[in-house]
Amino acid sequence: MADATELPVVGPSPAISEVDVPSLAAWLAARGEPAYRARQILAGAHRTDAAGFADLTDLPAALRDALADAFRFSTIADSHVIGADGGMTAKAVHELADGQRIESVLMRYPARGAAAERTTICISSQAGCAVNCPFCATGQAGFGRQLTPAEIVDQVLHWHRPPWRALGDASRGHYNIVFMGMGEPLNNADRVFEAVHMLNDPDRLGIGARHITVSTSGVVPAMDRMVEELPQVNLAISLHAATDSLRDELVPINRKWPVAEVVAAGRRFAARTGRRVSLEYVMIHGVNDTPEQAGGLVELAEGWRSHVNLIPLNPTPGSRWSGTPPEGIRRFVAQLEAGGVPVTVRDTRGREIDAACGQLHAQLAGRALRDARAGAAAGTARA
Ligand code: SAH
Ligand code: SF4
């Protein structure tokens, strides 16, 4: 984390999510302020009702002004948000200090029967992605740069703060944070792991590791690091094909870590942590939805703590592929179930706002976020 006493000569000032209690205390000491204010400032920055330092009214006004001069409230410079599903889903394109753009998505699920309301926040780990999966809008756009831990955490804070206040009392726990936005989290493992520890930090959001899921295209060495360093975080593997010849095409990183190695790493994670690993499988019509692939998938998934999650393809603009029709999905599900493999079909939440990986970003490329906001349809622009 940045030392808040060493303000950069060039570039933006540190964000509050980039400083820790000791460095904040040092900055306060230099101003003759008591050290206890450090925790007070950090707590204020994580309140659901604070949109800026000016809202931290339990601090003296002069200190609020000094904080606003020395720190940014977020590493996110600007956000364009659109809503769908009657406000139950919202997607943001965030602009960072250097102009890079990333995405995050908020999905709320209403209370149903005995189940309480749930909230899922989907965040990005990189600006762009180098893995280059041909069905993914992020992959098509190429790699921008790694995100810092603060840039990762600030996407969650964006939805935690006004006007969304999406997490409410984080300690109650009816929410999930998923690394399923832009980027391959395990190609940015050090910073993603630090961001997870920051999300866990009781002085910050205090989000339990069991509420966090890392989704990977199969970076095997970093999957093994997760066993040691993040054993309580959920692991999802984007498998998408049961054979190397097809997976080489759909998830090109397969040429480095083929199917057998990726599944073996998943099995190690499940065996060592006792946690069920999710195998993500995007359903592409006539490509990976065949009985042969389903049969191969049964062989890969059976006999260990795994679970298959089918995702209907959300076709990217100009895509040569379409999603498997419902009847094809039913057949695929039946074959997996006959093989004894637990399977669910992911709901296609946010399709109307292009919530899949990188698509809204692609649509807004080259346009100022301000202009995009002005052009948004009435009733969909929420913030
Ligand atoms: N890079 C990581 C995490 C981000 S992608 C990974 O690939 O796992 C999150 C999920 O969205 C992945 O399972 C990915 O395959 C899926 N996805 C990407 N593009 C999609 C599309 N057009 N339709 C449906 N799912 C898509
Ligand atoms: Fe990268 Fe995941 Fe998209 Fe593949 S699916 S290009 S790994 S973000």
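# Close-up views of a predicted model

**View 1. Helices H7 and H9 run roughly parallel to each other.** Everything shown in these views belongs to a predicted model. A pair of packed helices is described by two values, the angle between the axes and the distance between them. For H7 and H9 (residues 259–273), the angle is about 0° and the axes are 9 Å apart. Angles under 35 degrees count as roughly parallel, which is why the pair H7 and H9 gets that description. On the H7 side, look for Val 220, Met 223, Asp 224, Met 226, Val 227 and Glu 228. Their partners in H9 are Glu 261, Val 262, Ala 265, Gly 266, Arg 268, Phe 269 and Arg 272. Sorted by class, this contact has seven nonpolar residues, one polar residue and five charged ones.

**View 2. Helix H7 also packs with helix H6.** Here H6 (residues 189–200) meets H7 (residues 220–229) at an angle of about 30°, and their axes are 11 Å apart. That angle makes H6 roughly parallel to H7. The crossing of the two helices is right-handed. From H6, the contact involves Ala 189, Asp 190, Phe 193 and His 197. H7 contributes Ala 222, Arg 225, Met 226 and Glu 229. Four of these contact residues are nonpolar, one is polar and three are charged. You may recognise Met 226, as this residue of H7 is also listed in the contact with H9.

**View 3. Helices H10 and H11 cross in a right-handed way.** H10 covers residues 291–301 and H11 covers residues 326–338. They pack at an angle of about 35°, with axes 9 Å apart. Pro 291, Ala 294, Gly 295, Leu 297 and Val 298 are the H10 residues to find, and they meet Phe 332, Gln 335 and Leu 336 of H11. This contact holds six nonpolar and two polar residues, with no charged ones.

**View 4. Ligand 1 is surrounded by 22 residues.** The closest are Gly 183, Ser 215, Ser 238, His 240 and Asn 314. Let's zoom in on Ser 215: an N or O atom in its side chain is 2.7 Å from an oxygen atom of ligand 1. Phe 135 takes part through its backbone, with an N or O atom 3.0 Å from a nitrogen atom of the ligand. Glu 184 uses its side chain, where a polar atom lies 3.4 Å from a nitrogen atom of ligand 1.

**View 5. Nine residues surround ligand 2.** Cys 129, Val 131, Cys 133, Cys 136 and Gly 139 are the closest. The shell has five nonpolar and four polar residues, and no charged ones.

**View 6. Two loops have backbone details to look for.** Most residues other than glycine have a negative phi, and most peptide bonds are trans. Asn 132, however, has a positive phi, near 70°. This residue sits in the loop between strand S5 (126–128) and helix H4 (137–141). Elsewhere, a cis peptide bond joins Pro 162 to Pro 163, with omega about 0°. Pro 163 belongs to the loop between helix H5 (149–160) and strand S7 (175–179).

**View 7. Glu 18 lies in the segment before helix H1 (21–30).** Its side chain makes a polar contact of 3.5 Å with the side chain of Arg 72. Glu 18 and Pro 149 are 131 residues apart along the chain, yet their C-alpha atoms are separated by 7.9 Å.

Technical notes
Residues numbered from 1 in each chain as written. Chains lettered and ligands numbered in written order. Predicted model: local features only at pLDDT ≥ 70, side-chain atom pairs only at ≥ 80, totals over all residues. Heavy atoms only, no water. Axes fitted to C-alpha atoms, helices over the stretch in contact; angles between N-to-C directions. Helix = DSSP H or I, 4+ residues; strand = E, 2+ residues; numbered from the N terminus. Parallel < 35°, antiparallel > 145°, perpendicular 65-115°, else oblique. Left-handed = near helix turned anticlockwise from the far one by under 90°. Contact = heavy atoms within 4.5 Å. Nonpolar A, V, L, I, M, F, W, Y, C, P; charged D, E, K, R; others polar. Near = heavy atom within 4 Å. Polar contact = N/O pair within 3.5 Å; in protein donor to acceptor, adjacent residues only side chain to side chain.
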